[in-house]
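Let's take a walk through this one together. Keep the viewer open and turn the model as you read.

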Amino acid sequence: MSRLRFTSLRLRLVVVFALVALTAAVSASGIAYWLNREAVLTRAQDAVLRDFRQEMQNRAGALPEHPTQDALQRAAGQMAAGSQHFSVLLAGKDPSGKTVYGNSDGINGFSLDDVPASLRAAVDKRQKVTDSGQQPYHLFWQRVTDRGTPYLVAGTRVIGGGPTGYMAKSLEPEAKDLNSLAWSLGIATGLALIGAALLAQAAATTVLKPVHRLGVAARRLGEGRLDTRLRVSGTDELADLSRTFNNAAEALEKRVAEMAARDEASRRFVADMSHELRTPLTAITAVTEVLEEELESEAGGIDPMIEPAVRLVVSETRRLNSLVENLMEVTRFDAGTARLVLDDVDVADQITACIDARAWLDAVELDAERGIHAQLDPRRLDVILANLIGNALKHGGSPVRVSVRTADDEVVIRVRDHGPGIPEDVLPHVFDRFYKASASRPRSEGSGLGLSIAQENAHIHGGGITAANSPEGGAVFTLRLPRDVSRLTEEEAAAEEERTGRAEKAEKKSETKTGEKKDRPGKEGS
């Protein structure tokens with residue numbers, strides 16, 4: 001399983017599920033606790049108040065209007081001995097007018113100080129009597145907490161004259177029951193949260209597994225494996241997404257196959273055309289060589305009137321020869337058939353040989369030490385150097401300076417001219433095929449493929465060429481080539497062998513499936 005990140009969809013799904021479950025569980029538990037709490041307290045409170053009211057009517061109501069303290073004490077004890085076991089305090093005036101108290105708990109028990117002042121005031125207040133039969137004194141109650149223990153305190157007066165009674169009942173048993181209920185609801189909330197997290201994990205896995213498969217398939221498709229397809233099961237949105245991906249991949253595969261077929265046909269056409277042109281060009285070249293010899297002979301066998309036309313034919317034939325050779329070279333690169341023939345090359349000697357063979361010694365300055373060796377293809381290196389130096393001599397300004405340096409495991413060759421440089425809008429296109437820097441001069445002596453072929457030859461070595469303008473003026477072309485290309489060729493050979501093996505395996509698999517279909521028994525309709 002992939003590691004959870006804070007921004008991962010899996011973690012967000014689990015967190016959202018957990019928060020929703022926690023909110024729902026806390027809300028449900030809170031409502032359940034509040035409803036049960038009110039129900040428990042109301043039930044206990046109603047029972048206590050009902051008994052207290054009954055005892056006040058039976059016991060306190062039987063006392064005289066001015067009872068003695070002993071009578072109050074005895075009545076309070078009898079009231080507290082009931083089924084609810086609450087504490088009772090009776091207050092009245094004896095025959096002498098003195099206020100006396102009767103307490104069911106003794107001297108240090110329930111006293112008037114334990115009764116809230118607001119409750120005492122409400123009990124002593126005479127209510128307005130109306131025609132609906134209300135009494136001048138009512139029963140009032142209040143919940144209080146004393147040293148952490150909840151109590152129900154109530155008070156009333158005997159109607160028609162008599163003592164005032166107060167009652168205190170401990171609600172500790174009900175509080176313990178409510179605490180047990182709170183713990184139970186808390187545990188249930190925790191279990192619900194854990195269950196929600198597990199369900200969220202399962203749901204996230206169910207949702208993200210197809211998404212993960214889709215991501216893997218998309219990466220494989222991006223790597224060029226256009227036959228990648230997803231297994232589709234179900235009818236939900238993820239299944240629709242998988243079907244859409246499969247349809248898109250199939251359409252892309254067909255489109256790429258069509259483009260590859262057209263590209264292959266185009267390359268084959270260029271190759272065939274170049275090959276077919278070589279036969280008549282050979283004959284034309286032979287004729288132009290004879291004409292060129294006639295032009296250079298002292299006898300002057302060419303009519304001066306047609307001499308310019310002959311010279312044009314000779315130059316254009318050379319240009320056409322160069323164009324055909326370049327087209328065939330480009331076709332080999334596009335087809336992937338270009339191969340390196342490596343040899344141990346002294347870079348300085350190779351550059352010197354290239355310059356000497358083309359008679360550029362007077363126009364080129366060479367800054368290169370002998371002894372810089374590299375495993376390269378000498379012919380392709382000569383093509384690169386001839387294109388770069390020839391381009392600098394043709395479009396730049398003399399002298400052209402060629403320098404050779406080593407950097408890490410690379411050979412760096414710089415070719416700099418002293419011309420006006422390359423316009424900034426042209427720099428990104430100097431290696432494009434048939435690119436013309438000026439639309440007003442579409443025709444030039446070159447084929448427009450030299451720099452492109454040089455770049456391809458650098459790429460096949462595992463290097464590259466960059467073009468820039470020097471701060472001192474002029475253009476600078478920098479060629480970077482690895483000093484040992486043999487490792488690259490070995491990796492390419494291994495990759496080619498692996499591709500060939502995969503293709504053979506796919507072909508065998510296809511043949512096996514075809515055979516299975518042929519051997520499968522038929523079904524005849526009735």
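What follows starts with confidence, moves on to the aromatic pairs, and ends at helix 4.

Before anything else, bear in mind that this is a predicted model. Its average pLDDT is 79, and 85% of the residues score at least 70. Where does the confidence peak, and where does it bottom out? Strand 12 has the highest mean, at 92, while helix 10 (residues 486-519) has the lowest, at 57. Two stretches deserve a wary eye. Residues 439-444 stay under 50 in pLDDT, though the model still gives them six contacts beyond four places in sequence. Residues 516-526 also sit below 50, and here the model shows zero contacts beyond near neighbours in sequence.

Now for the aromatics: how many aromatic pairs does the structure hold? There are two. Begin with F52 and F86, whose ring centres are 6.0 Å apart. Their planes meet at 85°, and anything over 60 counts as edge-to-face, so that is the label this pair gets. In sequence the partners are 34 residues apart, so to speak of a link between distant parts of the chain is fair. F52 belongs to helix 1 (residues 9-58), and F86 to the loop between helix 2 (69-80) and strand 1 (87-93). Are these two rings buried or exposed? The cut-off for buried is under 20% relative accessibility, so F52, at 0%, counts as buried. F86 comes in at 3%, so the buried label fits F86 as well.

The other pair is F431 with F477, again edge-to-face, with 6.2 Å from centre to centre and 90° between the planes. This pair, too, ties together distant parts of the chain, its members being 46 residues apart. F431 sits in the loop between strand 10 (410-416) and helix 9 (450-460), whereas F477 is in strand 12 (residues 475-482). Both F431 and F477 are buried. Recall that strand 12, home of F477, is where the mean confidence is highest.

Finally, swing round to helix 4, which covers residues 172-222. I187 lies in this helix, and I187 joins W183, L191, I194 and L198 in making a nonpolar surface patch of about 610 Å². R220 is found in helix 4 too. With 34% relative accessibility, R220 counts as partly exposed, because that class runs between the 20% and 50% cut-offs. What does R220 touch, once its neighbours within four places in sequence are left aside? The contacts are R225 and T228.

Notes:
Residues numbered from 1 in each chain as written. Predicted model: local features only at pLDDT ≥ 70, side-chain atom pairs only at ≥ 80, totals over all residues. Heavy atoms only, no water. Phe/Tyr/Trp six-rings, centres within 6.5 Å; stacked < 30°, edge-to-face > 60°. Helix = DSSP H or I, 4+ residues; strand = E, 2+ residues; numbered from the N terminus. Buried < 20%, exposed > 50% of the residue type's maximum accessible area, 1.4 Å probe, protein only. pLDDT = per-residue confidence, 0-100. Contact = heavy atoms within 4.5 Å. Patch = residues over 30% accessible without salt bridge, like charges linked within 9 Å, V, L, I, M, F, W, Y side chains within 5 Å. Areas by Shrake-Rupley, 256 points an atom, 1.4 Å probe, with all protein chains shown as cover. Salt bridge = Lys/Arg side-chain N within 4 Å of Asp/Glu carboxyl O.
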